Amino acid sequence: MATQKQSLDQQQSQIQRVKNSGLISPGKDDKEEEMSRSALALFRAKEEEIEKKKLEVRDKVCAQLGKAEEATRRLAEIREELEALTDPMRKDVSGCTEYREALEAFNEKNKEKAQLVSKLMELVSESEKLRMKKLEELSRNVELLK
């Protein structure tokens, strides 16, 4: 949010410098200023929308990761219990198959966690690309207004 505000402040100062330099004719000043404000308001609204969606996605992914981590902890506890119950001299076949099932479930949850982390990184990257694209588009619009 701080970098967004800095970016907006920089754009406003650039617009003000162009106005002060005399490149913009005084008669069109109010109309152009209104258009600049409108473009700036649109940009801010888009930024807020992007930020809101980004937070929603992050919350959903974090919830999924939390569930995966809880399942991983439960499976680790089960694994420890199985190891404690297993007599090293006598291996119970049912205990062994339960251990294998628990281990498979554990490995599956770890894979799921890795996929979720990968998806989160992909979504964050995509969000940043969209933000940059919108910023460039708005910058072009501001340039056209000059």
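Buried, in these legends, means under 20% relative accessible area, exposed means over 50%, and partly exposed covers what falls in between. Keep that cut-off handy, because Lys54, at 15% relative accessibility, counts as buried by it.

**View 1. The whole chain, a predicted model with three helices and zero strands.** Walk along the sequence and you get the pattern α-α-α. The helices are H1 (residues 2–21), H2 (29–85) and H3 (93–145). Of the 146 residues in the protein, 23% are buried. Take the contacts with a separation of 6 or more: 81% of them come from residues 24 or more positions apart.

**View 2. How far to trust each helix, going by pLDDT.** The protein averages a pLDDT of 82, with 79% of its residues at 70 or more. Where is confidence lowest, and where is it highest? Helix H1 sits at the bottom with a mean of 67, while H3 comes out on top at 89. Where pLDDT is low, the predicted coordinates should not be read in detail.

**View 3. The largest pocket, with a lining drawn from H2 and H3.** This pocket has a volume of about 300 Å³. Its lining counts 14 residues, and the ones nearest the pocket centre are Ile50, Lys53, Lys54, Ser127 and Leu130. Helices H2 and H3 each put at least two residues into that lining. What kinds of residue line the pocket? The split is six nonpolar, one polar and seven charged. Lys54 turns up again in the next views, paired with Glu128 in a salt bridge.

**View 4. Glu51 and Arg131, a salt bridge between helices.** The structure has nine salt bridges in total, and here is one of them: Glu51 with Arg131, whose closest N and O atoms are 4.0 Å apart. Glu51 belongs to helix H2 and Arg131 to helix H3, so this pair links distant parts of the chain, 80 residues apart. Are the two partners buried or exposed? Glu51 has a relative accessible area of 16%, so it is buried. Arg131 is buried too, with a value of 15%.

**View 5. Glu128 and Lys54, another link between H3 and H2.** In this salt bridge the closest N and O atoms are 3.2 Å apart. Glu128 is in helix H3 and Lys54 in helix H2, so the bridge ties together parts that lie 74 residues apart in sequence. As for accessibility, Glu128 reaches 32% and therefore counts as partly exposed, whereas Lys54, at 15%, is buried.

**View 6. Arg131 and Glu128, a salt bridge inside helix H3.** Stay with Glu128 and you find a salt bridge to Arg131 as well, with the closest N and O atoms 3.6 Å apart. Both residues lie in H3, three residues apart, which is about one turn of the helix. Put the pairs together and which residues end up in the salt-bridge network? Glu47, Glu51, Lys54, Glu128 and Arg131 are linked in it.

**View 7. Thr72 on helix H2, with Asn107 of helix H3 across from it in sequence.** Thr72 has a relative accessible area of 15%, so it is buried. Ignore its neighbours within four places in sequence, and Thr72 is in contact with Phe106, Lys109 and Asn110. Asn107 and Thr72 are 35 residues apart in sequence, and their C-alpha atoms are 8.7 Å apart. Unlike buried Thr72, Asn107 is partly exposed, with a relative accessible area of 36%.

**View 8. Lys60, a residue of helix H2 on the exposed side of the cut-off.** How does Lys60 score for accessibility? Its relative accessible area is 59%, so Lys60 counts as exposed. Measure in the model from Lys60 to Leu120 and the C-alpha atoms are separated by 9.6 Å, although the two residues are 60 apart along the chain.

Notes. Residues are numbered from 1 along each chain as its sequence is written. This is a predicted model: local features need pLDDT of at least 70, side-chain atom pairs count only at pLDDT 80 or more; totals for chains, interfaces and linings use all residues. Side-chain values use heavy atoms; hydrogens and water are left out. On a 1 Å grid over the protein atoms alone, a cavity is a set of points where a 1.4 Å probe fits but cannot get out, and a pocket is an open set with protein on both sides within 12 Å along at least five of seven lines; lining residues have an atom within 4 Å of a point. Grid points are joined across faces, edges and corners, and a volume is the space filled by probe spheres set on the points. Helices (H or I, at least four residues) and strands (E, at least two) are DSSP runs, numbered from the N terminus. Ala, Val, Leu, Ile, Met, Phe, Trp, Tyr, Cys and Pro count as nonpolar, Asp, Glu, Lys and Arg as charged, and the others, Gly among them, as polar. A salt bridge is a side-chain nitrogen of Lys or Arg within 4 Å of a carboxyl oxygen of Asp or Glu. Buried means under 20% relative accessible area, exposed over 50%, partly exposed in between (1.4 Å probe, protein chains only). pLDDT is the predictor's confidence in each residue, from 0 to 100. Contact means heavy atoms within 4.5 Å.
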